[in-house]
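Student: Please give me a close look at a single part of this structure, and then show me how the rest connects to that part. I work at the bench, so spell out your cut-offs as you go.

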Amino acid sequence: MSGVSSSDETALCHRCGERKDVVELDRLLWCAECRRKARERAALWGWGEGIVFGAFVAAYILLVIRPTDIVTSGWVATVLAAVWIGGRLGREITYGIIRYARTGAPGADARGTPSQGREA
Ligand SMILES: [Zn+2]
């Protein structure tokens, strides 16, 4: 932007604390690698949360609704849908929590770029 060479336009990743090119950092100052790792972690958690949610739905169906044998496959599909939807929701929520939990690298607040007075 100001004609500064690209080697000067680096900043510390807020997550891992490594010095990265600013074009690789997003608005929370996370590098692409850290975002990828957070996505993977959130996906794993999302699956777990989806299964837990599905188990609650299954328990509700078995204990409260008490389905007859005739429609069992329909209830199985309902539980699978609950696992899938719960997993998707859990993944997004967990990703948001990881992103905003501020569990970054120690000292990563000391940016390589001049402070703009921004306090996140
Ligand atoms: Zn990083």
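Tutor: Let's begin with helix H2: what covers its buried residues includes H1. Helices here are DSSP runs of H or I with at least four residues, strands are runs of E with at least two, and both are numbered from the N terminus. A residue is buried if 20 or more other C-beta atoms lie within 10 Å of its own, exposed if 12 or fewer, and partly exposed in between, with C-beta atoms placed from the backbone. Keep in mind that this is a predicted model, where local features need pLDDT of at least 70, side-chain atom pairs count only at pLDDT 80 or more, and totals for chains, interfaces and linings use all residues. Residues are numbered from 1 along each chain as its sequence is written.

The buried residues of H2 are Ala82, Val83, Gly86, Gly87, Gly90, Arg91 and Thr94. An α-helix has 3.6 residues a turn, so residues three or four places apart point the same way. From the other side, the buried residues of H1 pack against H2, which covers 72–100. Those H1 residues are Cys34, Ala42, Gly46, Glu49, Gly50 and Gly54.

The lengths can be checked too, since the expected span of a helix is 1.5 Å times one less than its number of residues. For H2, 29 residues should span 42 Å, and the end C-alpha atoms are 42 Å apart, so the two agree. For H1 (residues 32–65), 34 residues should span 50 Å; the end C-alpha atoms are 46 Å apart, which agrees.

Between H1 and H2 there is a loop that holds Arg66. Phi of Arg66 is near 50°, a positive value in a residue other than glycine. Arg66 is exposed, because 7 other C-beta atoms lie within 10 Å.

Now to the other end of H1. The protein chain has two helices and two strands, in the order β-β-α-α along the sequence. Leu29 lies in the loop between E2 and H1 and also has a positive phi, near 60°. Leu29 counts as buried because it has 21 C-beta neighbours inside 10 Å. It belongs to the largest nonpolar core, whose seven residues are Leu12, Cys13, Leu25, Leu29, Trp30, Cys31 and Cys34. A nonpolar core is a set of buried Ala, Val, Leu, Ile, Met, Phe, Trp, Tyr and Cys residues joined through C-beta atoms within 7 Å.

Not counting residues up to four places away in sequence, Trp30 touches Cys13, His14, Arg15, Leu25 and Arg35; contact means C-beta atoms, placed from the backbone, within 7 Å. Cys34 links this core to the buried residues of H1. The C-alpha atoms of Cys34 and Cys16 are separated by 7.0 Å, though these residues are 18 apart along the chain. Cys16 sits in the loop between strands E1 (10–12) and E2 (19–21), and with 16 C-beta neighbours inside 10 Å, Cys16 counts as partly exposed.

Finally, how far to trust it: pLDDT is the predictor's confidence in each residue, from 0 to 100. The chain mean is 84, and 77% of residues reach 70 or more. Residues 1–6 stay under 50, and so do residues 110–120. Where pLDDT is low, the predicted coordinates should not be read in detail.

How values were computed:
Two residues are in contact if their C-beta atoms, placed from the backbone, lie within 7 Å.
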